[in-house]
Amino acid sequence: MTAPVSKNAATLGKIALDAPIFDPVAFRLNDEQATVIARARELGQTVFAERAGAYDRDAKFPTENYKDLHRTGLLGISIPKAHGGLGADYQTYALAAAEIGRYCGATALTWNMHVCSTLWSGPLADDLDMDAAMRAEHERRRAIHYKRIVEDGAIYSQPFSEGGAAAAGGVAFGTEAKPVKGGWLVNGKKIFASLSGHADYYGVLCTEIAEGEKASRRNTLYLAVPAKADGVSVVGDWDPLGMRGTVSRTLLFKDVFVGEDAALMPRGVYFQAAQRWPHMFLTLSPTYMGLAQAAYDFTLRYLRGEVPGTPPVKRRMYPTKQIAVAQMQIKLEQIKAIWFQAVSEARANPSKEQVLRAYAAQYSVMEGANELATLAIRTCGGQAMLKSLPLERIYRDSRCGSLMLPWTAELCLDRIGREALYEPGETDD
Ligand SMILES: Cc1cc2nc3c(=O)[nH]c(=O)nc-3n(C[C@H](O)[C@H](O)[C@H](O)COP(=O)(O)OP(=O)(O)OC[C@H]3O[C@@H](n4cnc5c(N)ncnc54)[C@H](O)[C@@H]3O)c2cc1C
């Protein structure tokens, strides 16, 4: 099932592989982690990097990249080994995703939506409370989803956003699942649903509401709705500033029947996860960690006159360029340090300090990636921001990070300020 990166790796005579963002020795990664992360980096550099420009230009979903992710086993990166996956934990996945984001932001971001369906139902759910019957049922159901991914290359997405306060965690999701015999009837609308029209299953966050009940966040369900089910439609266009290959259009659900096995988490477990496993919402950041590194990588190569397709003009001898590179390197190391720490301490029931650090890491990466890309453009100059080179795409893609709910840059500031100053339940009354 799992093949080496083969195709372009065989032609590696031409490409010197980049060093990993996080050196395995310096960051104390074990051999198994280093191998999985290297596989992602090699695939990103040798295959995805050259395709990224066209996906961006045409706002086209990276279908070919998904075939390669399946071929190399990375589609099942966080699926437990017992189910045929690579069994990567949260930290390993995050580091691998950063390597993909370094070469194609849209692939990394959509891959994140897909991987979360396995990470949340896998290692994360294993940390949460379930009675024996519920756990056995979950085990049986997730095996169905994992088999589709490992054997058939099925792609899952993760539509949260509805345009209201639900995606920020404020109120119950407006998309509703009404219990019926053998499953649910789903009705609602999701905006900015990455992988629309390209995923095989939409991992929809919705609220289970029986006749006469009120909506409650406690009753959130996470259901894998088959893209081909009756009543599912994709509407609207997609022509955004950045992350164009994500194809994040609008999804409509009209009386869509899904069976009980569609549940990616048992009843009540998503709500429990959102309370007890907050790092589940940090998984959008690896893509942008990779983009931050990409802006820096580009700048070094450009100033050394080594960017393929450009004249070998060196610009590194100017002191102003050297200072700018020094500022970029310092910023990059700051981002790497806080982010590595935060992804390394993802777990159930983190301490208050760890939660605040996770918000700070998200903020630092999302804002920092764009700051680095901005500095890269200023430093490299006009010829470097032509569309024939990757930097202007990195700049546009990196701008999107701060907008991603539920942990937008604004909401991170909001939470850090409040949670640092108030203990749970404290008021000024
Ligand atoms: C490239 C891309 C891909 C995406 N893919 C997906 C996807 O696959 N699945 C998905 O579910 N979503 C996805 N999103 C959606 C994303 O998470 C946001 O929901 C989307 O950007 C819409 O947000 P908005 O800024 O219009 O939201 P609004 O709700 O209008 O919020 C605007 C801003 O107000 C602030 N705000 C919102 N609520 C509160 C609050 N309660 N308190 C304080 N401040 C608040 C936030 O900072 C927010 O950024 C994607 C977005 C982008 C840009």
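For this tour, Ala, Val, Leu, Ile, Met, Phe, Trp, Tyr, Cys and Pro count as nonpolar, Asp, Glu, Lys and Arg as charged, and the others, Gly among them, as polar. Keep in mind that you're looking at a predicted model.

**Stop 1: a hidden space**

The model has two cavities of 30 Å³ or more. We'll visit the second largest cavity, which holds about 50 Å³ of space. To see its walls, select Ala52, Tyr55, Asp56, Cys104, Gly105, Ala106, Met243, Arg244, Gly245, Arg393 and Asp397. Which elements give two or more residues to this lining? They are α2 (31-58), α5 (105-126) and α11 (391-399). Of the elements, α2 gives the most, with three residues.

Now try colouring the lining by class. You should get five nonpolar, two polar and four charged residues.

**Stop 2: the ligand**

Next, show the ligand and the 17 residues around it. Phe160, Ser161, Phe192, Ser194 and Glu410 come nearest. Colour this shell by class too: there are 10 nonpolar, six polar and one charged residues.

Zoom in on the oxygen atoms of the ligand. Start at Phe160, where a polar backbone atom is 2.6 Å from a ligand oxygen. Then move to Leu405: one of its polar backbone atoms is 2.8 Å from an oxygen atom of the ligand. At Glu410 look at the side chain instead, since a polar atom there lies 2.6 Å from a ligand oxygen. How much of the ligand does the protein bury? On its own the ligand exposes 960 Å², and the protein buries 71% of that.

**Stop 3: a cis bond**

Stay at Leu405 and add Pro406 to your selection. The peptide bond joining Leu405 and Pro406 is cis, with omega at about 5°. Pro406 sits in the loop between α11 and α12 (409-421).

**Stop 4: two positive phi values**

Hop over to Leu195, in the loop between β3 (183-193) and β4 (201-208). Phi is near 75° at Leu195, a positive value in a residue other than glycine. Is Leu195 buried or exposed? Leu195 has 0% relative accessibility, so it counts as buried; the cut-off for buried is under 20%.

Finish at Asn349, in the loop between α9 (319-344) and α10 (352-380). Here too you'll find a positive phi in a residue other than glycine, near 50°.

Technical notes
Residues numbered from 1 in each chain as written. Predicted model: local features only at pLDDT ≥ 70, side-chain atom pairs only at ≥ 80, totals over all residues. Heavy atoms only, no water. 1 Å grid on protein atoms, 1.4 Å probe; cavity = no way out; pocket = protein on both sides within 12 Å on 5 of 7 lines; lining within 4 Å. Points joined across faces, edges and corners; volume = space filled by probe spheres on them. Helix = DSSP H or I, 4+ residues; strand = E, 2+ residues; numbered from the N terminus. Near = heavy atom within 4 Å. Polar contact = N/O pair within 3.5 Å; in protein donor to acceptor, adjacent residues only side chain to side chain. Areas by Shrake-Rupley, 256 points an atom, 1.4 Å probe, with all protein chains shown as cover. Buried < 20%, exposed > 50% of the residue type's maximum accessible area, 1.4 Å probe, protein only.
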